[in-house]
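This report introduces a protein structure to a reader who has not met it before. The sequence and the model are shown first, and a short account follows.

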Amino acid sequence: MKDFAAAFSFDLSDLDRPTWLERVEETAEEFGHAEPIGPSHSALLIDAGRTLLVAFETVAQVRKSNDSSAPIGWGFAQSHGWSSLTLLAEAETDWFRHPAIFGYFDRMIDDGFFDDFDQILFYGAGAAGYAAAASSVAAPDTRVLAIQPQATLDPALARWDRRHLEARRLDFSSRFGYAPMMVETAESVWVIHDPSVIEDAVHASLFNGANTTHLTCPYLGPDADRGLNSMDVLPELIEQAMDGALTPASYAQLWRARQLHLPYLRTLMYRLDGEERHQRLLARLCRHVAAHGNRPLFAKKLAELEAQGVTT
């Protein structure tokens, strides 16, 4: 592991998109392989240890949110000696529903690729979470960590979700289609969602197998993976899921990081504000945040509440 970590190096920061794509492909070719899949996807394999993280990501997401602007699995390749297979989409609107991707996984199954690993985790968020769950059937007895995944966008089953109307033209009824059914062969599945995002809560409820654990992140919003990442919680979630050690209790410990996460705290403040029955709770929140640094927004709201006679 140490020898690989020392050899595996990359510099992807501050690059324009074409240069970044070229550098990513070159790095994958050097340490594994890079393969185009259809017109707008690619597979990037970093071949290291017998633990494999299969991550579904988009170019924009990786470049904007990930450490070092690198696929999320590459950090684990360096720090843990894991192998990393990244399914990378050039756009964010196709839910990885392309026949070429199905063919890619068929070939991996036929070649016995997944048999070479002792532990495998499929990971993704949102559309990529859907893809991770749906594709996990390619490696039975795997583990799956999906953040705010859709179960399907087939209008016959999910007409109530009107957020992604253009995606309804995609075929969600053929192979690797209905994600809750595809995870039935997994050893363990963890679904994380924000119950205040109603559509995500309904999708999450459809993942109802005995192998599935539901974990919630209230008020983190529609991009919960970014929030968890900025709290520095996401890497630990992935590590615990890979080891099969992620439990409601261990998650609760990690979720405590929200107590100092300003985007979450601002959202919570706005939710509480204006509700007469929540004024004392709002004052407690503002006092807590103001005690941890110079936070003018919270200090101002606390002063207003105190002037109204609201006490904690």
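Leaving aside its neighbours within four places in sequence, which residues is S188 in contact with?

## Strand 7 and S188

The model described here is predicted. In it, S188 is in contact with T142, R143, V144 and N211, its neighbours within four places in sequence being left aside. S188 belongs to strand 7, which covers residues 188-193. This residue, S188, is buried, because its relative accessibility of 17% falls under the limit of 20%.

## Two nonpolar cores

The largest nonpolar core holds 46 residues, and those touching the most other members are V54, F56, L85, L87, F105, F114 and F122. Helix 6 (residues 127-135) supplies the largest share of this core, namely seven residues. Separate from this core is a second one of 42 residues, with I147, I192, L234 and L265 among them.

F122 has contacts beyond its neighbours within four places in sequence, including V54, F56, F105 and F114. Its further contacts are A132, S135, S136, A139, T142, R143, V144 and L145. T142, R143 and V144 are thus in contact with F122 and also with S188.

## Helix 4

Helix 4 runs over residues 72-80, and its buried residues include I72, G73, W74, F76 and A77. Just after this helix comes G81, which takes a positive phi of about 75 degrees.

## Helix 9 and the loop that follows

V202 is found in helix 9, which comprises residues 198-206. Together with W160 and I198, V202 makes a nonpolar surface patch of about 270 Å². V202 can take part because its relative accessible area is 32%, while a patch requires over 30%; V202 is classed as partly exposed.

F207 lies in the loop between helix 9 and strand 8 (212-216). With a relative accessible area of 1%, F207 is buried. Its contacts, neighbours within four places in sequence being left aside, are A133, P149, Q150, A151, A179, P180, V183, V191, T212 and H214. The C-alpha atoms of F207 and Y251 are separated by 19 Å, and the two residues are 44 residues apart along the chain.

## Cysteines

How many disulfides does the model contain? The count is zero, where a disulfide would be a pair of cysteine sulfur atoms within 2.5 Å. C217 is buried, with a relative accessibility of 0%. C286 is likewise buried, and its relative accessible area is 0%.

Conventions. Residues numbered from 1 in each chain as written. Predicted model: local features only at pLDDT ≥ 70, side-chain atom pairs only at ≥ 80, totals over all residues. Heavy atoms only, no water. Patch = residues over 30% accessible without salt bridge, like charges linked within 9 Å, V, L, I, M, F, W, Y side chains within 5 Å. Areas by Shrake-Rupley, 256 points an atom, 1.4 Å probe, with all protein chains shown as cover. Salt bridge = Lys/Arg side-chain N within 4 Å of Asp/Glu carboxyl O. Helix = DSSP H or I, 4+ residues; strand = E, 2+ residues; numbered from the N terminus. Buried < 20%, exposed > 50% of the residue type's maximum accessible area, 1.4 Å probe, protein only. Core = buried A, V, L, I, M, F, W, Y, C linked by side-chain atoms within 4.5 Å. Contact = heavy atoms within 4.5 Å.
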